[in-house]
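Got the viewer open? Here's a tour you can follow by selecting one thing at a time.

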Amino acid sequence: MGSSNSKPVQQEVHQATPKPNPELDKPWRKFDWGQKEALKEKLENFSLSFQDVKDIKILVAGQIGAGKSSFINSINSAFQGRISARALVDAAGGGSRSFTRNLKGFTIRNGKKSLPFVFKDIMGLEADALAGSQTDDIINAVFGHVKDGYKFNVEQALTHKDQHYTSDPTLSDQAFCLVYIVAADTVHFTDDKLIDKLKIIRQTISDKGIPQVIVMTKVDEACPLVNKDLRKIYTSKKIKEKIQMCSDKIGVPLSNIFPVKNYHDEIDTEDDIDALILKALEQIVQIADDVLVDIKS
Ligand SMILES: Nc1nc2c(ncn2[C@@H]2O[C@H](COP(=O)(O)OP(=O)(O)O)[C@@H](O)[C@H]2O)c(=O)[nH]1
Ligand SMILES: [Mg+2]
């Protein structure tokens, strides 16, 4: 006994364990950084597969401060070639209340004309707000039951008796894609209630053929590598992990998840930011248009 006391203190060998490389050898998704102009042109000349529908409505949902309004603004900025801020951004970075509470459509413009894409920025989805109300509101908004100008009430879902409820929506009222925005720097998905809500929404809309896309914002905040060089977005292990986690938790396939950096403090547009934003938009529009192809046939 007590022999352990006499054990010679081992000299600690300071051998620096090599830090794991935060970067992958190869990008996990191929991305052409020079495609901005081609994407812009393609989107500017996009015509919908179903002439009965005037424009593609895309509903944008996500937690407060996730970057919903900034994403819509970034799309506009990419087309205008200057920073645009039509959808109001909550500069406080998302307080306890959602800045956007009225359902409102934003048409994307390229300076000359309106493009056939309308984004609807919906209130933030909060985990602890009353049970089903937000889930119902979002589902109703996707299916075109919610009139523009409706002010969402976190405590009560819109009912069919309300004057803002459209009981018989046309194809043009309906959204053909739900874009769920998550911020890369805060995506943990430890909140089961939120995950449950997201699952209910995804299942309900996908039963009616409406796809869901995830746009992951704030990649610059989540990964120092990407903060320094946006082109590392597809080789950053951190970003890849986060994308994988989103896919696993919400059940959206990896191919429907797009990491982006929104314009937030820039004063001029940048080709690399534009390329990612426009690519995400192209995919969203394509996915939404595929729904129209199905409806038409
Ligand atoms: N660094 C960084 N900040 C962002 C990004 N997207 C949004 N933000 C900031 O996050 C805050 C909340 O954004 P906002 O668009 O109002 O979120 P919303 O509540 O989902 O509409 C604002 O201060 C934005 O400037 C991004 O990609 N990177
Ligand atoms: Mg907003």
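Which element gives the most to the shell around ligand 1? Select helix α2 and you have it: α2 puts three residues into that shell, the most of any element. Before you click further, keep in mind that this is a predicted model.

**Stop 1: the ligand**

Now select everything around ligand 1. You should pick up 18 residues, and the closest are Gly-65, Lys-68, Ser-70, Asp-220 and Asn-262. Colour them by class and you get four nonpolar, eight polar and six charged residues.

Zoom in on the oxygen atoms of ligand 1. A backbone N or O atom of Gly-67 sits 3.0 Å from one of the ligand's oxygen atoms. For Ser-69, it's a polar side-chain atom, 2.9 Å from an oxygen atom of ligand 1. Ser-70 also brings in a polar side-chain atom, at 2.6 Å from an oxygen atom of the ligand. Switch on a surface here if you like: ligand 1 on its own exposes 580 Å², and the protein buries 92% of that. Two elements give two or more residues to the shell, namely α2 (68–80) and α5 (219–222).

**Stop 2: further along α2**

Stay on helix α2 and select Asn-76. Is Asn-76 buried or exposed? It's buried, because its relative accessible area is just 1%, and the cut-off for buried is under 20%. Show what surrounds Asn-76: leaving out neighbours within four places in sequence, the contacts are Ser-84, Arg-86, Thr-107, Ile-108 and Arg-109.

**Stop 3: the nonpolar core**

Next, go for the largest nonpolar core, which has 85 residues. Which of its members touch the most other members? Select Leu-59, Phe-71, Phe-117, Phe-119 and Ile-233 to see them. Then highlight helix α8 (residues 271–296), which gives the most to this core, with 13 residues. As background, nonpolar side chains tend to be buried together in soluble globular proteins.

Pick Leu-59 from that set and display its contacts. Beyond the neighbours within four places in sequence, Leu-59 is in contact with Leu-103, Lys-120, Ile-122, Ile-138, Ala-141, Val-142, Ala-175, Cys-177, Leu-178 and Val-179.

**Stop 4: strand β5 and the loop after it**

Select Val-215, which you'll find in strand β5 (residues 212–217). Val-215 counts as buried because its relative accessibility is 0%. Leave out residues up to four places away in sequence, and Val-215 touches Phe-71, Val-179, Tyr-180, Ile-181, Val-182, Phe-258, Val-260 and Ile-284. Try the distance tool on Val-215 and Phe-71: they're 144 residues apart in sequence, yet their C-alpha atoms are 8.7 Å apart in space.

Now move to Lys-218, in the loop between β5 and α5. What is the phi of Lys-218? It's near 55°, a positive value in a residue other than glycine. For context, most residues other than glycine have a negative phi. Lys-218 counts as partly exposed because its relative accessible area is 25%, and that class lies between the cut-offs of 20% and 50%.

**Stop 5: two exposed loop residues**

Jump to His-160, in the loop between α3 (133–142) and β4 (175–183). His-160 counts as exposed, since its relative accessibility is 59%. Click its C-alpha and then that of Val-146: the two residues are 14 apart along the chain, and the atoms are separated by 9.5 Å.

Then find Asp-265, in the loop between β6 (257–259) and α8. Buried or exposed, which is Asp-265? At 58% relative accessibility, Asp-265 counts as exposed. Try Ile-83 as its partner for a distance: Asp-265 and Ile-83 are 182 residues apart in sequence and 9.7 Å apart in space, C-alpha to C-alpha.

**Last stop: zoom out**

Go back to a cartoon view of the protein. How many helices and strands does the secondary structure come to? There are eight helices and six strands. Trace them from the N terminus on, and the order reads α-β-α-β-β-α-β-α-β-α-α-α-β-α.

Of the 297 residues of the protein, 50% count as buried. Among contacts with a separation of 6 or more, 72% are between residues 24 or more positions apart. Finally, show the surface: the accessible area of the protein comes to about 15,400 Å², and 48% of that belongs to carbon and sulfur atoms.

Methods
Residues numbered from 1 in each chain as written. Chains lettered and ligands numbered in written order. Predicted model: local features only at pLDDT ≥ 70, side-chain atom pairs only at ≥ 80, totals over all residues. Heavy atoms only, no water. Near = heavy atom within 4 Å. Polar contact = N/O pair within 3.5 Å; in protein donor to acceptor, adjacent residues only side chain to side chain. Areas by Shrake-Rupley, 256 points an atom, 1.4 Å probe, with all protein chains shown as cover. Helix = DSSP H or I, 4+ residues; strand = E, 2+ residues; numbered from the N terminus. Nonpolar A, V, L, I, M, F, W, Y, C, P; charged D, E, K, R; others polar. Core = buried A, V, L, I, M, F, W, Y, C linked by side-chain atoms within 4.5 Å. Buried < 20%, exposed > 50% of the residue type's maximum accessible area, 1.4 Å probe, protein only. Contact = heavy atoms within 4.5 Å.
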